[in-house]
Amino acid sequence: MVQNKLSLLFLAVGLISFTGSLWADEAAPASTTPAAQPTVASKPVAKADNSVKAAMKAAGDLAAAGKTDEAIAAYEKIGVLPSKKGESWRLNCEGLAYLNATEPKPDKAAPVFEKAVAADSSNYLAWNNLGTAYEQTDQLDKAKAAYQKSIDAAKEANASSDKAEGNLKDLQAKLDKIAGKKGGTTEADAADSGASAAPANTTSAAGADSSK
């Protein structure tokens with residue numbers, strides 16, 4: 001779990017380098033249309049961007065201080081951002097606040113990450129985090145699919161997919177182990193029909209606690 005927190009915090013830090021293009025999809029149309037006073041139009045946009053970044057930083061500071069509820073409220077107070085990339089970024093950070101809390105809440109993080117990837121399917125960081133949330137809630141098939149989505153999106157963006165590939169590899173080993181133990185239990189307990197369920201459930205629960 002500690003390793004998982006460190007890796008997700010690394011992803012959160014990595015988002016800083018991602019912010020430069022967060023509002024690019026909204027700014028591009030304006031730049032392609034001739035404007036009589038481009039400098040006047042650009043000032044409110046820059047001011048709005050700075051305001052959102054400041055609010056995001058403040059919410060992130062609350063999350064880092066362990067004030068999860070306050071951080072979530074701060075992220076939600078920002079509201080839905082007009083840029084799809086920006087909104088995906090906001091939701092991803094909100095999900096991380098749940099996932100990196102002193103008492104992680106992956107069940108609450110998962111639906112937030114789902115919204116993040118729905119807003120921007122190219123957000124490979126959010127896909128990886130969604131996979132982690134799924135894995136921690138024992139939705140292993142969904143976790144596998146999310147990690148693969150992260151890998152595909154990262155490659156499409158010419159970015160590193162190492163983290164998601166590592167997560168997927170470890171998850172596959174876990175799935176293989178679970179499948180093997182289920183088979184072994186069935187054979188070993190053929191004469192004892194009441195003992196086969198417990199080992200499978202125990203293995204599954206342990207898998208949810210040993211994610212990246």
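**Salt bridges and their burial**

Asp120 counts as buried in this predicted model, with a relative accessibility of 9%, which falls under the 20% cut-off for burial. The side chain of Asp120 meets that of Lys85 in a salt bridge, with an N to O distance of 3.9 Å. This contact links distant parts of the chain: Lys85 belongs to helix H5 (residues 84–99), while Asp120 sits in the loop between helix H6 (106–119) and helix H7 (124–136), 35 residues apart. Unlike buried Asp120, Lys85 is partly exposed, its relative accessible area being 25%.

Helix H5 also holds a salt bridge between Arg90 and Glu87. Here the closest N and O atoms are 2.7 Å apart. Arg90 and Glu87 are three residues apart in this helix, so about one helical turn separates them. Both residues of this pair are buried. Arg90 and Glu87 also belong to a network of salt bridges that takes in Glu94.

A further salt bridge joins the side chains of Glu135 and Lys174, at 2.4 Å from N to O. Because Glu135 lies in helix H7 and Lys174 in helix H9 (residues 162–188), the pair ties together parts of the chain that are 39 residues apart in sequence. Glu135 is buried, with a relative accessible area of 0%. Lys174 is buried too, at 11%.

The pairs described here are among the six salt bridges counted in the model.

Methods:
Residues are numbered from 1 along each chain as its sequence is written. This is a predicted model: local features need pLDDT of at least 70, side-chain atom pairs count only at pLDDT 80 or more; totals for chains, interfaces and linings use all residues. Side-chain values use heavy atoms; hydrogens and water are left out. A salt bridge is a side-chain nitrogen of Lys or Arg within 4 Å of a carboxyl oxygen of Asp or Glu. Helices (H or I, at least four residues) and strands (E, at least two) are DSSP runs, numbered from the N terminus. Buried means under 20% relative accessible area, exposed over 50%, partly exposed in between (1.4 Å probe, protein chains only).
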